[in-house]
Amino acid sequence: SSVGTVYGENMTFTTLGQVPTVVTQQASNVQITTATLNGTINANHLPTVYSFEYGLTTSYGKTASPASNQITGFADVNVSINLVGLVGGTTYHYRVLATNQLGTTYGDDVSFTTDATITLSTNPISGVAYNSAVVGGNITNEGKSAITARGVCWSKNPNPTTSNDHTIDGAGTGSFTSQIKCLDEITLYYVRAYATNSEGTVYGDQRSFTTGPCPIAFNPDLTYGMVTDIDGNCYKTIQIGDQIWMAENLRTTRYNDGSAIPYVVDDEERVNLTTGAYFLYDDNVAAYMDIYGALYNMFAVEDSRNICPTGWHVSTYDDW
């Protein structure tokens with residue numbers, strides 16, 4: 001007023017600030033099984049925690065964050081996390097996200113592909129039946145160390161890995177063939193070749209196939225088990241009373257100790273045999289083996305090496 005200026009009591013307040021500002025940066029140090037995820041975060045004055053989401057698709061599915069993942073202030077801060085246990089030759093998606101008391105902000109999606117020093121392809125699929133298929137792969141470069149394991153892996157879901165069903169088809173480079181067995185009929189499967197060395201496991205391109213219908217009519221109202229022979233053939237089994245029987249005919253080509261059972265074609269030779277052997281009707285593997293199995297002479301049946309899977313025997317008169 002005309003006599004001077006007077007002030008009220010001192011009060012304080014703090015502005016609310018904003019949600020964090022985040023930017024997903026490109027990955028660095030990408031190797032076969034490791035990579036570093038990077039991002040930039042501005043906490044906009046409020047205590048903020050951050051993490052990274054990552055996975056094979058933009059649905060991510062996995063989260064990673066360092067032990068100390070809190071920042072504050074009003075400056076851009078570079079953040080990162082080192083990932084391990086990745087799959088070689090695979091594309092991953094990731095983004096950074098940050099949360100403060102006002103909400104969560106997500107960075108844009110960024111992708112990277114792990115190193116595939118091993119050069120590997122998946123062979124075309126052939127021989128698709130109701131419960132099996134033939135695939136394989138070709139390794140033209142083993143990378144920085146020798147290939148110690150190779151084969152194919154398959155699943156009813158995309159991008160199968162060695163944690164799914166898989167074969168082991170030796171080691172080293174070159175082409176190899178893989179027999180996939182014990183599949184479900186009329187089912188879509190995804191398959192990839194794989195190769196492993198000291199640097200990790202790398203996968204070939206993905207292929208898919210659909211099995212055909214089973215030529216054997218099984219009763220849909222019954223519950224079947226399964227048993228596998230030394231050749232990897234799978235047989236449905238059925239319990240009758242207190243006995244368990246195969247519901248399919250035997251088609252093994254080896255005794256249970258791994259010894260080969262000779263396959264004899266000539267009729268005269270068959271008659272004069274004094275050792276174990278197996279035959280096929282009309283000598284037609286493609287038409288009869290999967291459906292009707294093989295024909296074994298009595299020498300094979302009575303051989304102590306056993307033509308049946310482990311724990312099984314050819315049925316006796318008393319069994320019947």
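Is C214 buried or exposed? C214 is buried, with a relative accessible area of 16%. That value falls in the buried class because buried means under 20% relative accessible area. The model described here is predicted. The points below cover its cysteines, a strand hairpin, its aromatic rings and two asparagines.

**The disulfide**

- The structure holds 1 disulfide.
- This disulfide joins C182 to C234, with an S to S distance of 1.2 Å.
- The pair links distant parts of the chain, as C182 and C234 are 52 residues apart.
- C182 lies in the loop between β16 (179-180) and β17 (188-197).
- C234 belongs to strand β21, which covers residues 234-240.
- The link of C182 and C234 is right-handed, with 65° about the S-S bond.
- A disulfide is a covalent bond between the sulfur atoms of two cysteines.
- The two ends sit in separate accessibility classes: C182 is partly exposed at 31% relative accessibility, whereas C234 is buried at 6%.

**Cysteines outside the disulfide**

- C214 takes part in no disulfide.
- For C214, the nearest cysteine sulfur is that of C234, 12 Å away.
- A disulfide needs two cysteine sulfur atoms within 2.5 Å, so the 12 Å between the sulfurs of C214 and C234 rules out a bond there.
- Why does C308 not bond to C234? The sulfur of C308 is 16 Å from the one in C234, its closest cysteine sulfur, and that is too far for a bond.
- C308 counts as buried, at 7% relative accessibility.

**A hairpin of two strands**

- Strand β7 (residues 91-100) and strand β8 (residues 103-106) run antiparallel.
- How many bridges join β7 to β8? There are 4 bridges between them.
- The hairpin that connects β7 to β8 passes through 2 residues.
- A98 has T105, in β8, as its bridge partner.
- In a regular strand the side chains alternate between the two faces of the sheet.

**Aromatic rings**

- The count of aromatic pairs comes to 11.
- One of them is the stacked pair of Y92 and F112.
- The ring centres of Y92 and F112 are 5.7 Å apart, with 20° between the planes.
- This pair counts as stacked because planes under 30 degrees apart fall in that class.
- Y92 and F112 connect distant parts of the chain: Y92 is in strand β7, while F112 is in strand β9 (residues 110-113).
- Y92 and F112 are 20 residues apart.
- Both Y92 and F112 are buried.
- Which residues form one aromatic cluster with Y92 and F112? They are Y50, F52 and Y94.

**Charges over rings**

- K236 lies over the face of F218, at 5.3 Å from the ring centre.
- R305 has its charged end over the ring of Y255, 4.2 Å from the centre of that ring.

**Asparagines with positive phi**

- N29 has a phi near 50°, a positive value in a residue other than glycine.
- N29 is found in the loop between β1 (21-28) and β2 (35-42).
- N29 counts as exposed, at 54% relative accessibility.
- N159 has a phi near 55°, again a positive value in a residue other than glycine.
- Where is N159? N159 is in the loop between β13 (149-155) and β14 (165-166).
- N159 is partly exposed, with a relative accessible area of 35%.

Note on methods. Residues are numbered from 1 along each chain as its sequence is written. This is a predicted model: local features need pLDDT of at least 70, side-chain atom pairs count only at pLDDT 80 or more; totals for chains, interfaces and linings use all residues. Side-chain values use heavy atoms; hydrogens and water are left out. Buried means under 20% relative accessible area, exposed over 50%, partly exposed in between (1.4 Å probe, protein chains only). Two strands pair if DSSP finds at least two bridges between them. Rings of Phe, Tyr and Trp (its six-membered ring) pair if their centres lie within 6.5 Å; planes under 30 degrees apart count as stacked, over 60 as edge-to-face and the rest as tilted. A charge sits over a ring if NZ of Lys or CZ of Arg is within 6 Å of the ring centre and within 35 degrees of the ring normal.
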